[in-house]
Amino acid sequence: MLIRAEQHEALEYLLKLFHGRSSDNGRVVLVSGTLGSGKTQLLHEFSRQASDAGALVLHATASRAERDLQMGVTEQLFRCADLPSELAEEIPRLISEAFSPPRQGVGYRSELGQPVENEAIRRICNTLLGACEGRSVVVAIDDVHFADTASLQVLLYLQRRMHPRRMLMVLNEWDRPQPTLPLFRAEITRVPHSRIQLKLMSERAIGTILERTAHHPRDPQLASTIHRLSGGNPILAHALIEDHHLEASDGGGVRTDASAVGKSFEMAVLTCLYRWEPQILCVAIGIAVLQKHASPVLLSRLLDLDQREVIQAIEILTHAGLAHDNEFRHPDVATVVLASLSREDQTQLFSRAAKLLLDLGMATTDIAAQIVAAGEADSDWTVPILTDAAELELAAGKTSTARLYLNLALAAATDDDQHFATLRTFFHSTWQTNPSAVAPHTATLREALAEGRLTGKDIVALIRTLLWRGDMAAVSAVLSEAKRSEVTLGHQEGSELLLVFHWFFGPSFTRSWNLDDLCRGTDARTAGTRTETEPIDVFSRVWARGGDDESTSVAEDVLSACRVDDMPLETITTSILALAHGDHPGRALLWCDELIEHAGRRGATTWLAQLKATRADVCLRDGDPEAAAQLAEEALSLAGDENWGVAIGYPLSILIQADIALGRMDDAGREARRAVPSAMFETVIGIRYLYARGRLALAAGRTTEALENLRTCARRLRVWRLDVPALIPLTISLVEATFQAGESESARDMALSHLEEPALDPRTRGVLLRILADNDEAQERPALLREAIRCLRASGDRVELARAEAELLRVRAELGTYPPPPENDESAFADELGTSEIEPTPAVVTHLSRAELRVAELAAQGDSNREISDKLWITVSTVEQHLTRIYRKLNLPGRAGLTSLLHSDMFAADPDVLPPPATDPPQPGPEADHPAAEMAGRGS
């Protein structure tokens, strides 16, 4: 009779046989199961309960290592039994006699030819049968398929004579396609017997164990996940449960994927594989090596095994729950299996697999993955495979994988041309993730430039790398060599190089760097079409007098027209900042979010860090210093000081100013003391950094230090003939610092002198007027503040506007012209400015940045995070971050508090802040068809 049962059901059946009437007659039970199915645990538990019920339990475990130790299993049976002392002394003597030289014609040869004395076996068995009188006996043998042949004969002798006695013989064996010990099985099953085939655990059984053992909340899907990953194998399932509980108890929280691999699971996998026959482990190793390519044919060739053996092994692994469709169920089983091998064995196997896949014409990326796993590429044939695979991975956005391939290819290349071609690919791809890794190769590229082997793209990449490192002497040498070699860059490469210099040195870079000959190709313009050089001219005007409609249009065109991966990073950053300075911070943030997501998917760490710094810059300008500080810190940690090079001054300057705005002077001071490259001060980035340090000294009351830093900035800007007030509002800070130093006349003259400039941008004009008002006679202040408010409204700087409006309220109250209005009523501004068209700005919103105000008003109206995200063209994550800061700043518990503020008229209905209501018809405008997502798609 065959019974298919789970472990607990099989235990119930065995106990029923033991306690039932049938136990008065001897009976044999064969228990079979796949590896890790719980046969051993079942046998031990049944033996324990039978012993507790008063039975004499004879237990033995057969082993592959003792297969040739005749009577080894029999000896175990009697050593562990609770036999009378005289029998315990008699058995060893009988066992030794069983292998005395046999008399002629006595005994016979077993399946394996070992001679056994029949008389000795009879006396051993009769001794045992005598001990059964009036007592239940259980003979329990684990892994009987490993038993020695003499012990098998003892078991057969007992089986033929146990019928009238209360004896239960339970034999565990493997469940495999081809049965082991066919002669023994044929004999043992001639009389009535029972067969139990252990099933793997069900999802319900796993859930029951989880409920019984969990001491913390668990995910309802956990049982299903563990069942899927373990295939119901009891050893693997219990190990996953144990690792899950351990992680939860260590503070790891409640996991839903159960994918945590701890020591329990690792040991369970190895236990399952090492206890079976060697070819099972061998095939498991082959599956771990070949992964998705594992098939009986390829495994047979890789492992030098007969294909039928491979098929049987795969079937065993599948029935055991370890594998499914020639792959492991749990993704980390392969890692565990390979970790059990030496590094030499791994290298040999993966190298053989790579050659095997090459012979079969498999994809180059699959072959390259095997070469990388081998850890070495010691043959010339591997270089073209690795470089081709790297190109494919780069196109797919897998820059980290491509870098691994190229590093190995560089190490393996012996031919000069082959090595140089690989180096060029490595140089272009690795810069996006790790600029410091390409620095050692700049000397080779400079030699290649002298030999005329570099393309225009190579030259631009070389110069960019040298600029990021701050090696200005090397940049000059490269430019001189290019001129000597009469190199002229193409239109695209020349335009890219100009934008790189524009980013590092500002609009007047051509005064210091002679790029005319090298970039001559960029002068050709096509009538009626925008060329690549136009953005430089437009962006230069942005830094001088702020953004306008033209700069916004150019920035959008540049960002929309280029493929992401082909666009220079400096062009992206400059275009985004042009949008922010053109009073379109929402559009700038949208581009940042789209490009940050794209760079993250591609693993382009340098790009990701620079884009986060750019987003921090936009947030700081938009009045959100908390977000700016967080993003700047992320940017710095992403790339690291070595990879930032001289550009580190960009995120540092943003972080220092954001910390100042947040009142975190200690943090700002710590960042200002951070070591920076000396070459940074030869760039406009260095001036921005000096300016930030000057602002820090000014905020800390260290006026002399502030003036020293700010005047150093002014001298350098004057020497370099740079006019970038929108980028570095130096005039404002100099006026403030001079007033703070007590030099009021000099400060006032300086401010008035700049105010007379007709091209002065509205923001600088408005802030200067506010500063003059702060330091002027009381009666003169209202007029100055009224003019400042008009300018700041035109500039779009909401933070400075709020400061000026609040100052006007305070001044009018001090003068006693009228009492201060309630906090939620600033209608006085309309009268003060002589117009009824100015929207009031409630006092409560002065605590919020412009970005936070947009989110707050939509949330107060009842919009969900997703709806706010769609309306403002920002990510849901950004919405959540804004709401967290809003609740903290306004001391609110959540959305309910925002709704109450809305109903109490504490928010302004600012059409420049909020999009049209959902009930209005769609509003036409440039944001309606924003191309950021489309651009990201073209670049992927």
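**View 1. Asn172 is a buried residue of the predicted model, with a relative accessible area of 0%.** The coordinates shown in this and the following views come from a predicted model. Asn172 belongs to strand 7, the strand that spans residues 167-174. When residues up to four places away in sequence are set aside, Asn172 touches Val31, Lys39, Thr40 and Leu43, and it also touches Ile141, Asp142, Asp143, Val144 and His145. Because buried is the term for a relative accessible area under 20%, the value of 0% places Asn172 in that class.

**View 2. Helix 12 and helix 16 cross at roughly 60 degrees.** Helix 12 is formed by residues 278-290 and helix 16 by residues 343-359, and the axes of these two helices come within 10 Å. The two helices are therefore oblique to each other, and helix 12 passes helix 16 in a right-handed crossing. On the side of helix 12 the contact is made by Ile285, Val289 and Leu290, while helix 16 contributes Leu349, Phe350 and Ala353. Sorted by class, the contact of helix 12 with helix 16 has 6 nonpolar residues, with no polar and no charged residues.

**View 3. Helix 31 and helix 44 pack at an angle of about 130 degrees.** Helix 31 covers residues 625-644 and helix 44 covers residues 876-890, and their axes lie 11 Å apart. Helix 31 and helix 44 are therefore oblique to each other, and the crossing in which helix 31 passes helix 44 is right-handed. Glu626, Ala627 and Gln630 of helix 31 make the contact with Gln881, Arg885, Arg888 and Lys889 of helix 44. By class, the contact of helix 31 with helix 44 has 4 charged residues, together with 2 polar residues and 1 nonpolar residue.

**View 4. Two cysteines, Cys282 and Cys713, are shown with their accessibility, Cys282 being partly exposed and Cys713 buried.** For Cys282 the relative accessible area is 24%, whereas for Cys713 the relative accessible area is 0%. Because the class of buried residues is limited to those under 20% and that of exposed residues to those over 50%, Cys282 with its 24% counts as partly exposed, while Cys713 with its 0% counts as buried. A search for disulfides that covered the whole structure finds 0 of them.

Definitions and conventions. Residues numbered from 1 in each chain as written. Predicted model: local features only at pLDDT ≥ 70, side-chain atom pairs only at ≥ 80, totals over all residues. Heavy atoms only, no water. Axes fitted to C-alpha atoms, helices over the stretch in contact; angles between N-to-C directions. Helix = DSSP H or I, 4+ residues; strand = E, 2+ residues; numbered from the N terminus. Parallel < 35°, antiparallel > 145°, perpendicular 65-115°, else oblique. Left-handed = near helix turned anticlockwise from the far one by under 90°. Contact = heavy atoms within 4.5 Å. Nonpolar A, V, L, I, M, F, W, Y, C, P; charged D, E, K, R; others polar. Disulfide = S-S within 2.5 Å. Buried < 20%, exposed > 50% of the residue type's maximum accessible area, 1.4 Å probe, protein only.
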